[in-house]
Amino acid sequence: MRRIFFGLLIAAVVFTFGCKEKKKENKLPRVAIAGLAIESSTFSPAQSGIEAFHARRGDEIFSYYPFMDDTAATRQRAEWFPTLRGHALPGGIVTREAYETLVGETLDRLKENMPYDGLFFDIHGAMSVVGLDDPEGDFIERIRKVIGDDVLISTSMDLHGNVTERLAHYSDMITCYRMAPHEDAIESKKRALTNLLDRLESGLGKPKYKAWIPVPILLPGEKTSTRIEPGKSLYAKVAPAAAREGVIDAAIWVGYAWADEPRNRAVVMAYGDDEEAVTKSAEELAQAFWDVREQFEFVAPVATLDECLDRAIAFKEKPFIISDMGDNPTAGGAGDVTWTLNEILKRKEFKKENGPSLIYASIPGPDLVAKAVEAGIGETVTGMVGALVDDRYCGPLELTGRVEAIKEGDRYAETEVVINIGSVDVIVTKKRKPYHHETDFTDLSLYPREADIVVVKIGYLVPELYNMRAGWLMALTPGGVDQDLERLGYKRIHRPMFPLDSDMADPDLSARLIPLADE
């Protein structure tokens, strides 16, 4: 009897231990989420404060990602600890106070739920901060000091970001978009997160090898669109390179052209468990980029503003879209340069109401907005617009016109009004806002498909505008993201750099293996 009792006791202990071990094996990985994203032009006098980031905290961060809603399969694969994620419109350099506040809060939130198995680090890669040359590298290093070097970090980036050796070192896995315009942004973020979860679930952990290659090329996004050659064929090589046996992912970063910092240049990376395969993938992509460097051209014809307007006025189909490139707020421009609007309003063709219809999007002017709201639709108002931040090319303008529309509550603009002057409808905003979607116009009772000319502060056209265009020119206008890089006056980037030093010798494009974060 005693023997049976002890036998049952041992069986119970074994069963209990086995259940605990099984439960332990099935335990979901603990994964945190953090990141700050902005493109910051150091050639703009503007500065970006904390409010620009519209930071989300805790579970509200999930709303950034369609693949992370409550019922999504990805959401069920881990225990999640979202901390702070901020995403700002591109703009000027970030104030040190804003950066330290947001980073400090992120670190505090990370400390609350340690330990972690993984971290999804979702950034842009082109953030400039007063007094820092490599903010993303600084940010991830400070995160490592809190969560430890053994935590698996997967970094997701924009292809217009910059990758320093420090950022590559503290990231275990790192990738970026493969399309410009960024139609694959969500797909790329999901890939970065899926790679992280796959490595945690499989127990494989950190990839053994990371290859990093700086490529001395600095080009604006308007020349490197993947819609056209050579960008189209170049980026088509990324997926095959990433699919090579022993490679987890690979990426090409064009880099960000409108900041004067040593890190600003193109970079290629690959990572995985096979040293030879990782090295080969990175080196092939880097060489492919260098080989086509002289083939990059603007994604659309470029001209002076006057030439653009002449062509648009003579054009027979609607709409003819003109990109006001130099002050593009989605590349880092202040968004309030008045030079282009001033030149348009001086043209005799637009002085009368029966002239060519033109929509101008947009110019910040809180003074005129306040007066328009007070006066109401149909009334004539006079007020100042623009050049509160960037007055280097033209000062503030005094506009007098009829109020055609008023809309309040926009996330970025806060309040928008339409002011009609002759045959020009000017969208005036309380705060700067990009105009990328047809509803941005139709919500203001403006119909871009019916307008003769639409002038937008933008570079290459986003899909909705691109698909509606009948004609398109990109205007070489002044501003913080001037497309003529020679005029910017770089002083701190690595030289030689193509195309600034077009006769430079071929660079060393051999892969540099970056140590793991815990080495």
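These legends walk through several close-up views of a predicted model.

**View 1. How confident the prediction is along the chain.**
Let's start with the confidence values that come with this predicted model. The protein chain has a mean pLDDT of 94, and 95% of its residues reach 70 or more. Residues 1–24 tell another story: their pLDDT is below 50. Beyond near neighbours in sequence, this stretch makes zero contacts in the model. Where pLDDT is low, the predicted coordinates should not be read in detail.

**View 2. An open sheet built from strands 2, 6 and 3.**
Here three strands form an open sheet, and their order is 2-6-3 with parallel pairing. Strand 2 (40–41) and strand 3 (47–48) are the edges; each has a single partner strand, so one side of each is left without a neighbour in the sheet. Strand 3 is joined to strand 6 (residues 91–94) by two bridges. To find your way in this view, look for S48, which stands opposite V94 in strand 6.

**View 3. F43, in the loop between two strands.**
Stay close to the previous view and look for F43, placed in the loop between strand 2 and strand 3. Is F43 buried or exposed? Its relative accessibility is 13%, under the 20% limit, so F43 counts as buried. Not counting residues up to four places away in sequence, F43 touches A257, W258, A259, D260, R392, G480, L488 and Y490. G333 is also worth finding here: F43 and G333 are 290 residues apart in sequence, yet 8.6 Å apart in space, C-alpha to C-alpha.

**View 4. Strands 16, 17 and 18 side by side.**
Strand 17 (residues 397–410) pairs with strand 16 (residues 380–385) in the antiparallel sense, over six bridges. In that pairing, V381 stands opposite G401 in strand 17. Strand 17 is also joined to strand 18 (residues 414–421) by seven bridges, and these two run antiparallel. Here V403 stands opposite I419 in strand 18. How many residues lie between strand 17 and strand 18 in their hairpin? There are three residues between them.

**View 5. An aromatic pair between helix 8 and a loop.**
The structure holds twelve aromatic pairs, and this view shows one of them, W290 with F498. The ring centres are 6.4 Å apart and the planes meet at 70 degrees, so the pair is edge-to-face. W290 belongs to helix 8 (residues 275–291), while F498 sits in the loop between strand 21 (471–475) and strand 22 (512–513), so the pair ties together parts that are 208 residues apart in sequence. Both W290 and F498 are buried. The ring of F498 has a charged visitor as well: R293 lies over its face, at 5.7 Å from the ring centre.

**View 6. Further aromatic rings to look for.**
Y64, Y65, F67 and F120 come together as one aromatic cluster. Elsewhere, K223 lies over the face of F298, at 4.9 Å from the ring centre.

**View 7. The nonpolar cores.**
The largest nonpolar core has 121 residues, and V163, V215 and F441 have the most contacts inside it. Which element gives this core its largest share? Helix 8 does, with eight residues. Apart from this core lies another, of 33 residues, among them V403, V417, V426 and V455.

**View 8. I213 and V215, with their contacts.**
I213 is found in strand 10 (residues 209–215). With 0% relative accessibility, I213 counts as buried. Leaving out residues up to four places away in sequence, I213 touches A266, V267, V268, A282, E283, A286, L509, S510 and A511. V215 has contacts beyond four places in sequence too, including A266, V267, V268, A286, W290 and L509. For a sense of distance, I213 and G118 are 95 residues apart in sequence and 26 Å apart in space, C-alpha to C-alpha.

**View 9. S323 and its contacts.**
The last stop is S323, in strand 14 (residues 320–324). S323 has 0% relative accessibility and counts as buried. Leaving aside neighbours within four places in sequence, S323 is in contact with V456, I458, G459, L461, W472, L473, M474 and A475.

Definitions and conventions:
Residues numbered from 1 in each chain as written. Predicted model: local features only at pLDDT ≥ 70, side-chain atom pairs only at ≥ 80, totals over all residues. Heavy atoms only, no water. Pairing = 2+ DSSP bridges. Helix = DSSP H or I, 4+ residues; strand = E, 2+ residues; numbered from the N terminus. Phe/Tyr/Trp six-rings, centres within 6.5 Å; stacked < 30°, edge-to-face > 60°. Buried < 20%, exposed > 50% of the residue type's maximum accessible area, 1.4 Å probe, protein only. Lys NZ or Arg CZ within 6 Å of the ring centre and 35° of its normal. pLDDT = per-residue confidence, 0-100. Contact = heavy atoms within 4.5 Å. Core = buried A, V, L, I, M, F, W, Y, C linked by side-chain atoms within 4.5 Å.
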